[in-house]
Amino acid sequence: MKPVNVLLHMAAVAIISTVFFACSKNNQSTNSGSDLFPLATGDAWNYKLKIYDTANATVTDSSLFTLSIAKTFSSNGSTYYRFQNSPDTTVLSVLSPLSNSSLGSIDYEYGTDFYTFFISGPGDSTSPVNSWPIEVSANGSTCQGTDKLFAHYADTTLENLDGTVYTHSIKNIIETYNCSGKKMIANIYFIKEGVGLVRYSKYIYNASGLPKLQLAWVLESETLH
């Protein structure tokens, strides 16, 4: 996984995504296992991808896809699990269980940097856990924007389309700010311990600063080893 250029067009906002990782750069220690996210070669999650009309929140398109773990590799003292078949590899690419309360990933964009990807535990969701610079392109020019990670939310009960209810899941949000400090995107992730990613939603902010749902991944079923 790596930071991506955020392409913002004033006439129409394309499907864009920031990164599902990167809360803090660090030298990761030896993998100690994690209860957050099941990780084994052959694990697979079946999702429904839903695309929304941001003007009226109606679904304009939907499709099914299967996200699976293809293989593992070792780096910086940890075992990383590589995902395949993602419609957007910036959402999930590689994960490593760093502890019982955190996951890690790798950024190859500016050399090999190791990141904490996801955090659970008590805290304050009103303050960012961390922030990091990203490249933002708008109207033909490029500048440095910012991603901020917020964690430790209390509203963690989800009900999926088939009626499955996930209680006590873990919610993290990555918000993207443009070069002027204006909020552009909010990426919302729910992880259920022992299941994995059960919901991913992306909101874009309109000219009035209001969030509009653009797309969502909804978990349908999973096969875990």
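**Briefing: a predicted all-strand chain and its cores, disulfide and pocket**

Ser 127 is found in the loop between β8 (113-119) and β9. This residue belongs to a predicted model of a chain with zero helices and 16 strands. Of the chain's 225 residues, 49% count as buried. Among contacts between residues at least 6 apart in sequence, 54% join residues at least 24 apart.

**Ser 127 and Asn 172**

- Ser 127 has a relative accessible area of 36%, so this residue is partly exposed, a class that runs from 20% to 50%.
- Between the C-alpha atoms of Ser 127 and His 152 the distance is 9.7 Å, although the two are 25 residues apart in sequence.
- His 152 is also one of the residues in contact with Asn 172.
- Asn 172 has its place in strand β13.
- The relative accessibility of Asn 172 is 1%; Asn 172 therefore counts as buried, the limit being under 20%.
- When neighbours within four places in sequence are left aside, Asn 172 is in contact with Phe 118, Ile 119, Leu 149, Phe 150, Ala 151, His 152, Asn 187, Ile 188 and Tyr 189.

**Nonpolar cores**

- In soluble globular proteins, nonpolar side chains tend to be buried together.
- The largest nonpolar core in this model has 40 residues, and those that touch the most other members are Phe 37, Tyr 47, Phe 83, Leu 197 and Trp 217.
- At least two residues of this core come from each of β3 (44-52), β4 (59-75), β5 (78-84), β9 (130-138), β13 (170-177), β14 (183-192), β15 (196-205) and β16 (211-223).
- Strand β14 gives the largest share of this core, seven residues.
- Apart from this core lies another, of five residues, which include Phe 73, Tyr 80, Val 94 and Ile 106.
- Tyr 47, one of the core members named above, touches Ser 63, Leu 64, Phe 65, Leu 67, Leu 197, Trp 217, Val 218, Leu 219 and Glu 220, residues up to four places away in sequence not being counted.
- Leu 197 and Trp 217 thus appear both among the core residues that touch the most other members and among the contacts of Tyr 47.

**The disulfide**

- The structure holds one disulfide, formed by Cys 143 and Cys 179, with 1.3 Å between their sulfur atoms.
- The disulfide is right-handed, because the torsion about its S-S bond is about 75°.
- Cys 143 lies in strand β10 (residues 141-150) and Cys 179 in the loop between β13 and β14, so the pair ties together parts that are 36 residues apart in sequence.
- Cys 143 has a relative accessibility of 32% and counts as partly exposed.
- Cys 179 is likewise partly exposed, with a relative accessible area of 36%.

**The second largest pocket**

- The volume of the second largest pocket is about 190 Å³.
- This pocket is lined by 14 residues, of which Arg 199, Ser 201, Tyr 203, Leu 213 and Ala 216 are the closest to its centre.
- Two or more lining residues are given by each of β3, β11 (158-159), β14, β15 and β16.
- By class, the lining consists of nine nonpolar, two polar and three charged residues.
- Strands β3, β14, β15 and β16 contribute to the lining of this pocket and also supply residues to the largest nonpolar core.

Terms used. Residues numbered from 1 in each chain as written. Predicted model: local features only at pLDDT ≥ 70, side-chain atom pairs only at ≥ 80, totals over all residues. Heavy atoms only, no water. Core = buried A, V, L, I, M, F, W, Y, C linked by side-chain atoms within 4.5 Å. Buried < 20%, exposed > 50% of the residue type's maximum accessible area, 1.4 Å probe, protein only. Helix = DSSP H or I, 4+ residues; strand = E, 2+ residues; numbered from the N terminus. Contact = heavy atoms within 4.5 Å. Disulfide = S-S within 2.5 Å. 1 Å grid on protein atoms, 1.4 Å probe; cavity = no way out; pocket = protein on both sides within 12 Å on 5 of 7 lines; lining within 4 Å. Points joined across faces, edges and corners; volume = space filled by probe spheres on them. Nonpolar A, V, L, I, M, F, W, Y, C, P; charged D, E, K, R; others polar.
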